[in-house]
Amino acid sequence: MPKPAAPLAPELRSQPFTLAEAALLGASSTRLRRADVRRLYRGVYAPIGLELDLAARCRAFLLTAPEHWVICGVTAAMLHGMPLPRRCEEDPRLHAHALGGENPPRRRGVRGSRGDPGSAPVELHGVRLLGPTETWAGLEPFLGIDELAVAGDRLWDPFDPLAGEAEPGDLIDRMEGRRGVRRLSAAHRLMRPGAHSPGETRLRLTLERAGMPTGCLNQRIVASSGRVFYGDLVVERYRTIFEYDGEQHRLDDRQWGRDVSRTNALAADGWLLVRFTKRHDDAE
């Protein structure tokens, strides 16, 4: 009967650790091959059963990575809070980038790239990653043009902006001649400051392609009662508001109550609210 493994030091039980850290705390490379430890990346381990969110996985990967390696692409976009198609969110691979002309990162479970992104990396959730605008540009190989526009509108969310309005265009100008710049330019032309959700952007693009006015995004409206509201797409000339309602509008009783109260207050002032959900098709 095999001898029971010696317990890991307390410092190794609650977070990922390197081979060097394990050795300092009395856990040999042989001990790390026992069934209660898993290898995450080259030289990085974690106890079995330890749940790791995306940021924790990135921090673990970077424990033994060179300083010029940063998180990029789809992984960085999720950390920045950019909306992505489900196929991207379900991809288990980390996207990592080697700054400059160094060889791209090569690790199991990692998709590597290299090059000069145009500006220094940033830190978010303890993770070294490309900034929001460079991250958006790095999504070009993975997204369609409309999907790039949806992700790009997140940069200009009026309530939580990630970048200035000029930054994507400036980056595209610096990328002249590079692969993918035409698709980025096409997506950039579809983007507009002011969107607060991916559903709003998709609704706006649908209406614009149908020749409909879309007005101002998330415009502030002061009702005659003095209450202040915001509308997704406010067409003031026609006293019409196009709204995209996500699932929370249906599932949250308090949100639903606020929506009804808001609809009534705006209707009393002559506003027409035209509401859409993900179940409505473009023709409707």
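How many bridges join strand E1 to E3, and in which sense do the two strands run? Two bridges join them, and E1, residues 17-18, runs antiparallel to E3. Here strands (E, at least two residues) and helices (H or I, at least four) are DSSP runs numbered from the N terminus, and two strands pair if DSSP finds at least two bridges between them.

Before I continue, a word on the source. This is a predicted model, in which local features need pLDDT of at least 70 and side-chain atom pairs count only at pLDDT 80 or more, while totals for chains, interfaces and linings use all residues. Residues are numbered from 1 along each chain as its sequence is written, and side-chain values use heavy atoms, with hydrogens and water left out.

Let me begin with the chain as a whole. Its secondary structure comes to 11 helices and 12 strands. The radius of gyration is 24 Å, whereas a compact globule of 284 residues would have a value near 19 Å; the radius is taken over C-alpha atoms, and the globule rule is 2.2 Å times the number of residues to the power 0.38. Along the principal axes, the C-alpha atoms fill a box of roughly 80 × 50 × 35 Å. Of the 284 residues, 45% count as buried, where buried means under 20% relative accessible area, exposed over 50%, and partly exposed in between, with a 1.4 Å probe and protein chains only. Among contacts (heavy atoms within 4.5 Å) between residues at least 6 apart in sequence, 56% join residues at least 24 apart.

I return to the sheet of the opening question. Strands of a sheet pair through backbone hydrogen bonds, either parallel or antiparallel. This one is an open sheet of three strands, in the order E1-E3-E2, with antiparallel pairing. E1 and E2 stand at the edges with a single partner strand each, so one side of each is left without a neighbour in the sheet. Between E1 and E3, Phe-17 has Tyr-45 as its bridge partner, and Thr-18 has Val-44. On the other side, E2, residues 37-41, pairs with E3 over four bridges, and Arg-38 stands opposite Ala-46. Strand E3, residues 44-47, is covered on both faces: Val-44 and Ala-46 are buried on one side, Tyr-45 and Pro-47 on the other.

The hairpin of E2 and E3 has two residues between the strands, and Gly-43 takes a positive phi there, near 80°. Leaving aside residues up to four places away in sequence, Gly-43 touches Phe-17, Thr-18, Leu-19 and Thr-64. Gly-43 and Leu-32 are 11 residues apart in sequence, and their C-alpha atoms are 11 Å apart in space.

Which other residues take a positive phi? Most residues other than glycine have a negative phi. Asn-218, in strand E9 (residues 216-222), has a positive phi near 50°, and Asn-218 is buried, with a relative accessible area of 11%. Arg-239 lies in the loop between strand E10 (228-235) and strand E11 (240-244); its phi is positive too, at about 50°, but Arg-239 is partly exposed, with a relative accessible area of 33%.

I turn now to the helices. In helix H6, residues 145-153, the buried residues are Leu-148, Ala-149, Val-150, Ala-151, Gly-152 and Asp-153. Their cover includes H5, helix H8 (181-190) and helix H9 (198-209). Helix H8 in turn has Val-181, Leu-184, Ser-185, Ala-186 and Ala-187 buried, with H5, H6 and H7 among the elements that cover them.

Finally, the largest pocket has a volume of about 660 Å³. On a 1 Å grid over the protein atoms alone, a pocket is an open set of points where a 1.4 Å probe fits, with protein on both sides within 12 Å along at least five of seven lines, and lining residues have an atom within 4 Å of a point. Grid points are joined across faces, edges and corners, and the volume is the space filled by probe spheres set on them.

Of the 25 lining residues, His-97, Ser-113, Ala-137, Gly-138 and Pro-141 are the closest to the centre. Strand E5 (94-99), strand E6 (110-115), helix H5 (132-137) and helix H7 (167-174) each supply at least two residues of the lining, and E6 gives the largest share, five residues. By type, the lining divides into eight nonpolar, nine polar and eight charged residues. In that count Ala, Val, Leu, Ile, Met, Phe, Trp, Tyr, Cys and Pro are nonpolar, Asp, Glu, Lys and Arg are charged, and the others, Gly among them, are polar.
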